[in-house]
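Biologist: Before we discuss this model, I should like each term to be justified by the value behind it. May I put my questions to you in turn?

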Amino acid sequence: MTSASDRLPQSLLDAIAPHGVTRTFPAHAILINEGDTTDSLYIVLSGRVKVYASSEDGREVVLTEYGPGEYFGELAIDGDKRSASIKALGPCTCRVVQGTELRQFLVEQPDFAVHLTRKLIRMVRRLTDQVRSMALQDVYGRMVRVLTELSDPVGEERLMRNKLTQQDIADRVGASREMVNRIMKELSAGGYIGQRDGRMVILRKLPSAW
């Protein structure tokens with residue numbers, strides 16, 4: 001999950017508006033492929049995208065998502081290959097700023113350089129937490145972490161911000177959909193989770209172990 005601090009303030013959005021071009025992408029479009037050598041920065045204006053890494057046999061692990069006001073592609077500023085792929089979750093619109101313009105913008109707008117630095121620090125911390133979780137937690141423990149990150153408290157309950165399929169969850173925790181399905185059935189039978197308006201709701205605190 002990204003932080004609200006990852007969103008650009010309106011002043012920086014206005015400042016970068018004259019740079020780059022606005023592009024619209026259909027649902028499921030691949031905006032960036034892992035291994036590409038492009039160096040553009042993408043600022044999400046509407047819609048959402050997911051960041052993921054994949055193996056040669058097609059398995060995916062979702063690293064994070066970005067929505068309006070957030071940006072991605074900044075790691076290519078060093079000229080190296082893209083480290084992850086980006087896919088549109090639905091129709092989305094982005095401001096695409098070429099690397100040369102981005103580097104000039106960093107010189108002109110030190111506030112953006114500070115924002116970028118802080119975002120990269122948060123990214124490193126988040127990825128460290130994900131690696132720790134993958135290495136030290138079982139599938140259930142990783143599910144609890146992901147479900148908590150992707151939900152907001154509503155009274156005594158927690159409501160998912162977006163609709164999630166079991167495959168979506170599996171992609172985030174590095175497990176099979178069948179394993180996620182089994183755990184979800186048990187949590188539902190135990191009265192821990194339910195559905196509301198098409199979204200999952202955590203009805204009470206999830207047990208620490210299963």
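Biologist: How many bridges join strand β4 to β7, and in which sense do they run?

Modeller: The model is predicted. In it, strand β4 (residues 49-54) and β7 are joined by four bridges and run antiparallel. Two strands pair if there are at least two bridges between them, so the four bridges found here qualify β4 and β7 as a pair. One position in this arrangement is Tyr52, which stands opposite Ser85 in β7.

Biologist: What makes strand β2 a partner of β7?

Modeller: Strand β2 (residues 30-32) and β7 share two bridges in the antiparallel sense. Since the criterion is at least two bridges, they count as paired. Ile30 has Lys87 as its bridge partner in β7.

Biologist: How do you know that both faces of strand β7 are covered?

Modeller: Ser85 and Lys87 on one side of β7 (residues 85-88) are buried, and so are Ile86 and Ala88 on the other. Buried means under 20% relative accessible area.

Biologist: Why are β1 and β6 called edge strands?

Modeller: Four strands form an open antiparallel sheet in the order β1-β8-β3-β6. Within this sheet, β1 (21-25) and β6 each pair on one side only. For β6 (residues 71-72), two bridges lead to β3, where Tyr42 stands opposite Phe72. Strand β3 (residues 41-46) is also joined to β8 (residues 92-97) by five bridges.

Biologist: Why is the pair of Tyr66 and Phe72 called stacked?

Modeller: There are five aromatic pairs in the structure. The ring centres of Tyr66 and Phe72 lie 6.2 Å apart, within 6.5 Å, so the rings pair; their planes stand at 10 degrees, which is under 30 degrees and therefore stacked. Each of these residues is also buried: Tyr66 has 3% relative accessibility and Phe72 has a relative accessible area of 3%, against a limit of 20%. Tyr66 and Phe72 belong to one aromatic cluster with Phe25 and Tyr42.

Biologist: What makes the pair of Tyr71 and Phe112 tilted?

Modeller: Their ring centres are 5.6 Å apart and their planes stand at 45 degrees. That angle is neither under 30 nor over 60 degrees, so the pair is tilted. Because Tyr71 lies in strand β6 and Phe112 in helix α3 (residues 110-136), the pair ties together parts 41 residues apart in sequence. Both Tyr71 and Phe112 are buried.

Biologist: Which residue lies over the face of Tyr71?

Modeller: Lys119 does, at 4.1 Å from the ring centre, against a distance limit of 6 Å.

Methods:
Residues are numbered from 1 along each chain as its sequence is written. This is a predicted model: local features need pLDDT of at least 70, side-chain atom pairs count only at pLDDT 80 or more; totals for chains, interfaces and linings use all residues. Side-chain values use heavy atoms; hydrogens and water are left out. Buried means under 20% relative accessible area, exposed over 50%, partly exposed in between (1.4 Å probe, protein chains only). Rings of Phe, Tyr and Trp (its six-membered ring) pair if their centres lie within 6.5 Å; planes under 30 degrees apart count as stacked, over 60 as edge-to-face and the rest as tilted. A charge sits over a ring if NZ of Lys or CZ of Arg is within 6 Å of the ring centre and within 35 degrees of the ring normal.
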